[in-house]
Amino acid sequence: MPRWGMVIDLDKCVACQGCSIACRFENNTPAVSPEEALQGRSIRWNDVFPLPIDPAEDKDVYPNVTTRYLTRPCMHCENPPCIKVCPVQATYKDEEGIVRMNYARCIGCRLCTVACPYGVRYFNWYAPEWEGSLSEHLNPDRIEAPGDLEGPAVRPRGVVEKCTFCIHRLQKARLQAEAEQRDFRPDEYVPACVETCPAKARYFGDLDNPDSTVAQLNKSSRAFVELEEAGTHPKVTYLREG
Amino acid sequence: MLKVNPRDKTRLVDPLFAAPGWRFWLAVVFLLAVIGWGASMYLRQLTYGLGETGMDRPVYWGIYMVNFIFLIGVSMAGTLISAALQLTNIEWRRPITRIAETLTVFGLLVASLQLLFDIGRPDRLLNVVQYGRLQSPLLWDANSLTLYILTSILALYLQLLPDIALLRDNCPANAPWWRRALYTRLGLGWKGYRSQWGRLQKAITVISIAIIPIGVSLHTITSWVFSTTVQPGWKSTILGPYFVIGAIFSGIGMLFIVMTLAWRLLKLDEYIQARHYRALGWLFIVMSALWFYFTYTENLTLVAEQEAYEFPVLASKLWGSYSFSFWGMVALMVVAFWIMVVPKLLPALLRRVVVFQPRFALASTGAALVAAFFLISPQPAVTHAALMDLNTNTFGWLMVIGFVACAGLGISFWLKQHPAVSSVAAGACVVAGMWLERWNIVIPTLTHPRLIPYTIYLPSPVEISLSAASLALLALMFLVFFKLFPVISIWEVSEGRVVEDAQSRVEIPLPEPNEPNPLQSWGSRR
């Protein structure tokens, strides 16, 4: 059973936000109006944000800028603070270590969004809307069972949503292997952000396989995780610049 | 056929059957209007979504949650007054137990309404029952809240039972049929037999014992919803007892307000007297001291450690965007403490001193306001520069504080003579202060997240309307309930009279003169 993890090399990242856009289209994340976005209601499962977080602090002139960028998917923590507090088990960690979200069961109490130290869980304040013909080009994938709705399926109003490591791609890869009557290989599946990244700054794979790239990079002296002191043990690791 | 004491009949039973006056209807219409407005706002929120509130990322919780914690806090008074005092057999509790118990029931009902406002999918509420996950603090909270509501309704009903039977047997001939039917149904065939009384007393004792841990658990668990997360400012071990103390404190404050309203509006001079204010006042002072102790401890540890993520939360309260609500809370609590404590400390002799006069207090307040105005308002450049000098500025604010303290001293004797007014004032201060405290716990942590820019949260008109409607609903529940059932527990008061009568007949021996102490005379020449 693989244990999925991601490594993001900040040395290679050019902050193009391609991952953010790929995620948006892969996962049917609705864009909100500018006023709503200003109020902090935009939904970006894969956020690319500047450090320091206040842009006013960076007073340097190009090319001597000091701003650094960090991209932030869900950390898929080994010890997730969000699933512990969910009163209905709408969010849970599966046996492959992916923190999943069942939109059909979520009651929208938002205790998980409050408990997540990374702020990677988002709430649907209004029903999602797409401008013009965008709504005709949504990703049709969905993972569905009675009382269960996951994947890029369009989320109803009033539920929490988050990065799923493109769980539908994993399911598709598994089904493909099954159809071809062979065993599923962990390298057959990557999330959309990893596939898109033009700088190849993202690596994805099985952390339990000691020979996998992610497992090797995790041992790098440049490796660090965000908010290590929170004790969440994220499965998304960063490689420090320089 | 149960008989009622004629005094109680004219004061408590007859007004229940009198036609309500225009003021009653005016109040009902006003409250219904506010509730109707709130309901329309709730419909709006249901139709469009929670985006109609002021909440956003990262402020995922707003004043609905603040109101929830505040209201369950206010409801704590009932548990404490009626159960704890009942078990310890304290006599003065009798006329106020009914008010306290209704405060618990209605406070809890309106509090649970806040949760309904807050969740994104109220249609899926039953998922909590169907898929309930025992590890979640929110599920503990839901369980505890349900249990607390059921227990407190049962407690209220048990205490009400003999009075309902009394009303059934003393219904005037012209009483409407539905009220007769109501009392007959709810009376459960209570005839006041010895065996019935025995069973009732047993049941009341059992429920009084049960309700105390349930009440404590609800407040503790509500604090755990916050303190079991890893968020800065919330992960504190003393949040549980801090919530319990705060709950009892605000509960007593609210009780002061409600019992005074009942006393004034229903003219209950015979039942609610100065001694009740005095006795509750001592409890209030103890809670006040405990509250200061907990607040100080809670914040001192944060100040001392200055942790990178914790300290900004505290700093925002001390001098940042939440300084107004934090220092407002502290000021209200200090004023409440002053109102209750200082008049008790002043010896009666000091009354002749001229400063202890209300008019002196008025003058001091005026002086304080003028000084504060000078310090805040825009001044000519030269004066402004002089005022902004650190020494002058500090002195100026010390002067304001001094004037306010003088005003407090001046009003003290007047407060001493008016225990009800001072209790209500202190109660109002504490109720407002405790709401601010809940705000200070919930909101600053949310607006100071890690890895996300800090924000400010302001409630939207929808949230404010729903909060106002909740308060109106609370008031309306009281109004209607006390139009149907007696506000004073008639049977408990009658029982109290018997006890008092028996006690007055006991002869207490006069104190004997002291025995001569051999040590006392040692060394003295006689």
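**Exercise 1. Find the loop that holds A:P63 and say which peptide bond there is cis.**

Solution. Start with the location: A:P63 sits in the loop between β2 (47-51) and β3 (68-72) of chain A. Strands here are DSSP runs of E with at least two residues, helices are runs of H or I with at least four, and both are numbered from the N terminus. Next, check omega: the bond joining A:Y62 and A:P63 is cis, with omega about 5°. Now do chain B, where a cis peptide bond joins B:R57 and B:P58, with omega about 5°. B:P58 is in the loop between α2 (22-48) and α3 (63-74) of chain B.

A word on the ground rules: this is a predicted model, where local features need pLDDT of at least 70, side-chain atom pairs count only at pLDDT 80 or more, and totals for chains, interfaces and linings use all residues. Residues are numbered from 1 along each chain as its sequence is written, while chains are lettered from A and ligands numbered from 1 in the order in which they are written.

**Exercise 2. Take A:C166 and B:L188: what sign does phi have, and is each residue buried or exposed?**

Solution. First, phi: A:C166 has a positive value near 50° without being a glycine, and B:L188, also not a glycine, has a positive phi of about 55°. Second, place them. A:C166 lies in the loop between β9 (160-161) and α5 of chain A; B:L188 is in the loop between α8 (177-187) and α9 (194-227) of chain B. Third, count C-beta neighbours (placed from the backbone; buried means 20 or more others within 10 Å, exposed 12 or fewer, partly exposed in between). A:C166 has 27 within 10 Å, so A:C166 is buried. B:L188 has 11 inside 10 Å, so B:L188 counts as exposed.

**Exercise 3. Work out whether helix α5 (residues 167-179) of chain A has the span its 13 residues call for, and name what covers its buried residues.**

Solution. Use the rule for the expected span: 1.5 Å times one less than the number of residues. For α5(A) that should be 18 Å, and the end C-alpha atoms are 18 Å apart, so the two agree. Then look at burial: A:I167, A:H168, A:R169 and A:L170 are buried. Their cover, judged by contacts (C-beta atoms, placed from the backbone, within 7 Å), includes β5 (99-101), β7 (143-145) and β8 (148-150) of chain A.

**Exercise 4. Find the helix that gives the largest share of the largest nonpolar core, and describe that helix.**

Solution. Begin with the core, meaning a set of buried Ala, Val, Leu, Ile, Met, Phe, Trp, Tyr and Cys residues joined through C-beta atoms within 7 Å. The largest one has 185 residues, and those with the most contacts inside it include B:I248, B:I252 and B:L255. Its largest share, 16 residues, comes from α10(B). This helix (residues 239-266) has 28 residues and reaches 39 Å from first C-alpha to last, close to the 40 Å expected. Since 20 of those 28 residues are buried, α10(B) is largely enclosed by the rest of the structure. Zoom in on B:I252: leaving out residues up to four places away in sequence, B:I252 touches B:A77, B:L280, B:L283, B:F284 and B:M287. Finish just past the helix, where B:K267 has a positive phi near 55°.

Terms used. Two residues are in contact if their C-beta atoms, placed from the backbone, lie within 7 Å.
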